[in-house]
Amino acid sequence: MSTPAIAVAFFDPARDVYGTARSGATLLFDGRRPTIHPQGPSLELDGGRVRAVLDDRLSLELEPVSDEADLDGVTARLCHVRGEVGGRGIDCLGTLSETHEPPSWEELELVRSVSALVDDRNAVLALARRPRGARGHGDERVSAWLLQDGKLLAVEEARISTVYDGSGRQRSAGLELWLPGEEFPHRGSGAALAGSSLELDELTVHAAVFRWRLDGRDGAGAYELMARAEPPAAA
């Protein structure tokens with residue numbers, strides 16, 4: 001069995017510093033200014049914690065504060081993140097994800113991932129896979145979990161609606177999350193604070209930091225889109 005691919009992300013609105021890192025790429029945001037590094041961080045596992053280091057660019061410790069959310073071949077956890085980025089201290093929320101089953105790109109058009117982090121007891125983690133030839137987001141397979149008051153709850157049905165700009169980058173989004181037995185969905189909305197695009201493993205990746213509002217509470221997180229080709233103008 002191959003080793004799972006690990007990705008880390010952090011979101012510090014108080015200091016206006018954000019980032020995502022994985023094997024082959026590190027993307028850091030100082031406010032709205034992105035910096036792309038073609039190397040991923042070295043990762044050291046220490047029990048349940050992960051230490052991520054990239055030269056003098058970042059040194060982070062991620063401590064999971066939630067159970068694992070199973071997102072259709074990817075497991076993800078909400079984390080408390082401490083450390084330094086570019087010599088600046090950070091103390092914030094983030095995510096740690098492990099890809100156990102890589103996307104089958106011969107069958108897929110695009111993959112979308114969303115994290116909306118309110119605090120260490122409330123968040124949304126979601127992953128959507130769109131098959132080739134699909135007409136839109138209604139044909140996607142969406143996996144989502146709602147962390148509510150520290151309890152991780154499987155979402156029965158999730159919808160991620162998105163508005164893109166003319167270049168196919170995600171600018172705003174809406175979330176509707178139905179839990180089993182509930183009549184009305186939990187709702188969220190978000191808008192891009194910063195973003196950047198890169199080529200990674202023959203894919204186009206549009207990565208954006210989002211400001212989210214979930215069930216009336218503010219948060220931060222990410223909306224990432226990976227595609228074989230240019231995404232549609234709207235979905």
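**Entry 1: cysteines**

I started with the cysteines and counted 0 disulfides. The structure is a predicted model, and I read every value below with that in mind. Why is cysteine 79 not bonded? The closest cysteine sulfur belongs to cysteine 92 and lies 10 Å from the sulfur of cysteine 79, so the gap is too far for a bond. A disulfide needs the two sulfur atoms within 2.5 Å. I checked the pair from the other end as well. Cysteine 92 is in no disulfide, and its nearest cysteine sulfur is that of cysteine 79, at 10 Å.

Next I looked up burial for both. Cysteine 79 has a relative accessible area of 0%, so I noted this residue as buried. Cysteine 92 comes out at 8% and is buried too.

**Entry 2: the hairpins around β3**

I moved to strand β3, residues 25-30. How many of its residues are buried? I found 5 of the 6, so I wrote β3 down as mostly covered, since buried means under 20% relative accessible area.

I then followed the pairing of β3 on each side. Strand β2, residues 17-22, pairs with β3 in the antiparallel sense, over 6 bridges. One bridge sets valine 17 against aspartate 30 in β3. The hairpin of β2 and β3 has 2 residues between the strands. There, glycine 24 takes a positive phi near 95°.

Strand β4, residues 33-37, is also antiparallel to β3, with 5 bridges joining the two. I picked out leucine 28, whose bridge partner in β4 is threonine 35. β3 and β4 form a hairpin with 2 residues between them. In that turn glycine 31 has a positive phi of about 65°.

**Entry 3: β12, β13 and β14**

I traced another run of strands. β12 and strand β13, residues 141-148, run antiparallel and are joined by 7 bridges. Leucine 127 stands opposite serine 143 in β13. From β13 I went on to strand β14, residues 151-154. These two run antiparallel as well, with 4 bridges between them. Leucine 147 has leucine 152 in β14 as its bridge partner.

What sits in the turn between β13 and β14? I found a hairpin with 2 residues between the strands, and aspartate 149 in the turn has a positive phi of about 50°.

**Entry 4: positive phi outside glycine**

I gave these angles an entry of their own. Most residues other than glycine have a negative phi. Aspartate 149 is not a glycine, yet its phi is positive, near 50°. Its place is the loop between β13 and β14.

Aspartate 72 is another case: not a glycine, with a positive phi of about 55°. I located aspartate 72 in the loop between β8 (69-70) and β9. Is aspartate 72 buried or partly exposed? Its relative accessibility is 24%, so it counts as partly exposed.

**Entry 5: nonpolar cores**

I looked up the largest nonpolar core, which has 32 residues. Which of them touch the most other members? They are Phe11 and Leu117. The strands that each supply at least two residues of this core include β1 (5-12), β3, β9 (74-85), β11 (108-119) and β19 (217-227).

I listed the contacts of leucine 117, leaving aside neighbours within four places in sequence. Among them are Phe11, Leu78, Leu93, Leu125 and Ala220. A second, separate core has 26 residues, including Leu110, Leu146, Ala158 and Tyr164.

**Entry 6: the largest pocket**

I turned to the largest pocket and noted about 860 Å³ of space in it. Its lining runs to 38 residues. Which lie nearest its centre? I wrote down Ala7, Arg22, Thr99, Glu224 and Met226. The largest share of the lining, 6 residues, comes from β1. Other strands that each supply at least two lining residues include β2, β10 (88-99) and β12.

**Entry 7: serine 189**

I closed with serine 189, in strand β17, residues 186-200. The relative accessible area of serine 189 is 40%, so I marked this residue partly exposed. Setting aside residues up to four places away in sequence, serine 189 touches Ala173, Gly174, Arg211, Trp212 and Arg213. I also checked its separation from glycine 73. The two are 116 residues apart in sequence, and 26 Å apart in space from C-alpha to C-alpha.

Note on methods: Residues are numbered from 1 along each chain as its sequence is written. This is a predicted model: local features need pLDDT of at least 70, side-chain atom pairs count only at pLDDT 80 or more; totals for chains, interfaces and linings use all residues. Side-chain values use heavy atoms; hydrogens and water are left out. Buried means under 20% relative accessible area, exposed over 50%, partly exposed in between (1.4 Å probe, protein chains only). Two strands pair if DSSP finds at least two bridges between them. Contact means heavy atoms within 4.5 Å. A nonpolar core is a set of buried Ala, Val, Leu, Ile, Met, Phe, Trp, Tyr and Cys residues joined through side-chain atoms within 4.5 Å. On a 1 Å grid over the protein atoms alone, a cavity is a set of points where a 1.4 Å probe fits but cannot get out, and a pocket is an open set with protein on both sides within 12 Å along at least five of seven lines; lining residues have an atom within 4 Å of a point. Grid points are joined across faces, edges and corners, and a volume is the space filled by probe spheres set on the points.
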